[in-house]
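Please look over the sequence and the fold before reading on, and keep both in view while you work through the notes. The points are grouped by topic, so that each can be checked against the picture.

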Amino acid sequence: MAVFPPPTLDADAPMLTASDYQPPRWLRNPHLQSMLSSSRMRLQRGLLLLAATGAVSDELILDGGEGVRLQGWHSHVEGREPRGIALLLHGWEGSAESSYMRMAAARMLEQGFDVVRLNFRDHGNTHHLNPGIFHSNLIDEVVHAAGDVAQRWPDLPLVAAGYSLGGNFVLRLAQRAPAAGVPLRHVAAVCPVLDPGLTMENIENGPAMYDWYFRRKWAGSLRRKRDLFPELSDCDDRVLNLDIRSLTAWLVERHTTFGSLQAYFDGYSIAGNRLSTLQVPADILMAKDDPVIPYATFRDWQLPQQARLETACWGGHCGFLENWRGDGFSERWVAQRLRRVLPG
């Protein structure tokens with residue numbers, strides 16, 4: 001298969017904005033965008049583009065605090081001094097090997113960054129690292145892991161980016177970074193989850209393929225976890241066949257201290273004014289036609305002055321595909337936003 005080199009980002013080029021995303025007409029369907037974004041075609045495209053950078057990827061086991069271990073993949077070009085370090089966070093039931101993670105890594109490497117693609121607990125092939133089950137309020141271990149990254153490269157400016165649930169995590173990371181002593185300089189989020197309760201309603205009431213996709217992947221992840229830790233005997237096949245709301249309620253009641261589904265959702269919501277104390281500069285990209293995360297939740301979002309939301313007319317959920325090869329606008333946008341921290 002031929003490798004089509006990605007367009008490079010000219011440092012003197014005008015700053016990309018959401019209005020610059022003008023996909024061909026056949027790519028303006030939000031469901032097509034969302035499905036193609038996780039297709040085998042795009043997965044292969046991401047693999048090829050990352051390989052084309054000449055980078056080598058080495059496994060890191062990062063300290064998540066209190067005995068938690070999180071896996072990361074450090075991509076670097078041998079013989080080249082990096083200009084910065086970029087931490088990338090994937091979406092729910094994605095992984096460090098998701099197509100957008102590889103593509104974003106390739107774009108950041110082009111700009112002179114080294115990249116760490118983090119796997120959340122129980123994502124990728126990491127179910128064996130920790131006995132506890134992943135849930136979306138485990139922000140402290142991600143903050144701690146980001147601090148570990150910063151300590152390993154203390155002389156490099158640290159930036160971070162995330163997609164979907166990873167976008168939610170990266171914004172909460174930015175909010176907590178100053179108090180945690182993590183020298184985070186700038187973050188970018190693509191289609192972040194704002195109000196988890198409304199996102200679940202959207203999945204439940206939307207096209208069945210989204211509910212099927214997330215339930216299938218989550219059930220498979222829980223099955224792997226149960227096989228590795230037999231003490232999780234409450235995670236039987238009856239539980240794994242529950243609908244997504246009931247399965248989340250089971251997780252909250254059995255494996256968290258939140259007590260109720262609403263308290264759990266409130267724990268990681270960033271809607272309303274919850275990011276009012278954010279100090280780290282943040283850029284956020286959203287698509288008005290996102291079929292998973294309702295755009296209506298963004299209209300009344302209250303952000304501080306150093307955070308900026310851009311909305312594109314198209315893009316689906318974390319798609320923003322530009323052509324039949326699967327090149328992504330959002331990965332170029334992320335790299336351009338985050339390279340501003342680099343010297344010169």
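The briefing below goes through strands, helices, single residues and the nonpolar core in turn. The model is a predicted one, and every value in the text was computed from it. Strand E3, which spans residues 84-89, is a useful place to begin, since 6 of its 6 residues are buried.

**Strand E3 and its partners**

- In a regular strand, the side chains alternate between the two faces of the sheet.
- Both faces of E3 are covered, with Gly84, Ala86 and Leu88 buried on one side, and Ile85, Leu87 and Leu89 buried on the other.
- E3 pairs with strand E4 (residues 113-118) in the parallel sense, and 6 bridges link the two; within this pairing, Leu88 has Arg117 of E4 as its bridge partner.
- Between E3 and E4 the chain passes through helix H3 (residues 99-110), and the β-α-β crossover made in this way is right-handed.
- E3 also pairs with strand E5 (residues 158-163), again in the parallel sense, over 5 bridges, and here Leu89 stands opposite Gly162.

**Helix H3**

- The 12 residues of H3 reach 17 Å from the first C-alpha to the last, which is close to the 16 Å expected at 1.5 Å a residue.
- H3 is largely enclosed by the rest of the structure, because 11 of its 12 residues are buried; among them are Tyr100, Met101, Met103 and Leu109, together with the arginines Arg102 and Arg107.
- After H3 comes Gly112, a residue whose phi is positive, near 100°.

**Helix H1**

- Helix H1 covers residues 30-37, and its buried residues are Pro30, Gln33, Ser34, Leu36 and Ser37.
- The cover over these buried residues includes helix H2 (40-52), H3 and helix H7 (208-228).
- The N-terminal end of H1 is capped by Asn29, which has a side-chain oxygen 2.9 Å from the backbone nitrogen of His31.

**Two buried polar residues**

- Gln71 is found in strand E2 (residues 68-76), and it counts as buried because its relative accessibility is 8%, below the 20% cut-off for that term.
- The side chain of Gln71 makes polar contacts with two other side chains, that of Glu59 at 2.8 Å and that of Asn119 at 2.7 Å.
- When neighbours within four places in sequence are left aside, the residues in contact with Gln71 include Leu60, Ile61, Arg117, Leu118, Thr126 and Leu129.
- His186 lies in strand E6 (residues 184-190), and it is buried with a relative accessible area of 8%.
- The side chain of His186 makes a polar contact with the side chain of Asp283, at 2.8 Å.
- With neighbours within four places in sequence left aside, His186 is in contact with residues including Leu158, Val159 and Ala160, as well as Val280, Pro281 and Arg337.
- His186 and Ala307 are 121 residues apart along the chain, yet their C-alpha atoms are separated by 9.8 Å.

**Positive phi outside glycine**

- Most residues other than glycine have a negative phi.
- Glu93 is not a glycine, but it has a positive phi of about 60°; its place is in the loop between E3 and H3, where it is buried with a relative accessible area of 9%.
- Ser164, which is also not a glycine, has a positive phi of about 60°; Ser164 lies in the loop between E5 and helix H5 (165-180), and it counts as buried at 11% relative accessibility.

**The nonpolar core**

- In soluble globular proteins, nonpolar side chains tend to be buried together.
- The largest nonpolar core in this model has 105 residues, and those with the most contacts inside it are Leu87, Leu171, Leu184, Val187 and Phe320.
- Leu87 also belongs to E3, where it is one of the buried residues on the side that holds Ile85 and Leu89.
- Which residues does Leu171 contact, once its neighbours within four places in sequence are left aside? They are Val187, Ala189, Pro192, Ile270, Leu275, Leu278, Ala282, Ile284 and Trp301.

Technical notes
Residues numbered from 1 in each chain as written. Predicted model: local features only at pLDDT ≥ 70, side-chain atom pairs only at ≥ 80, totals over all residues. Heavy atoms only, no water. Buried < 20%, exposed > 50% of the residue type's maximum accessible area, 1.4 Å probe, protein only. Helix = DSSP H or I, 4+ residues; strand = E, 2+ residues; numbered from the N terminus. Pairing = 2+ DSSP bridges. Right-handed = clockwise from strand over helix to strand, strands pointing away. Expected span 1.5 Å × (residues − 1). Polar contact = N/O pair within 3.5 Å; in protein donor to acceptor, adjacent residues only side chain to side chain. Contact = heavy atoms within 4.5 Å. Core = buried A, V, L, I, M, F, W, Y, C linked by side-chain atoms within 4.5 Å.
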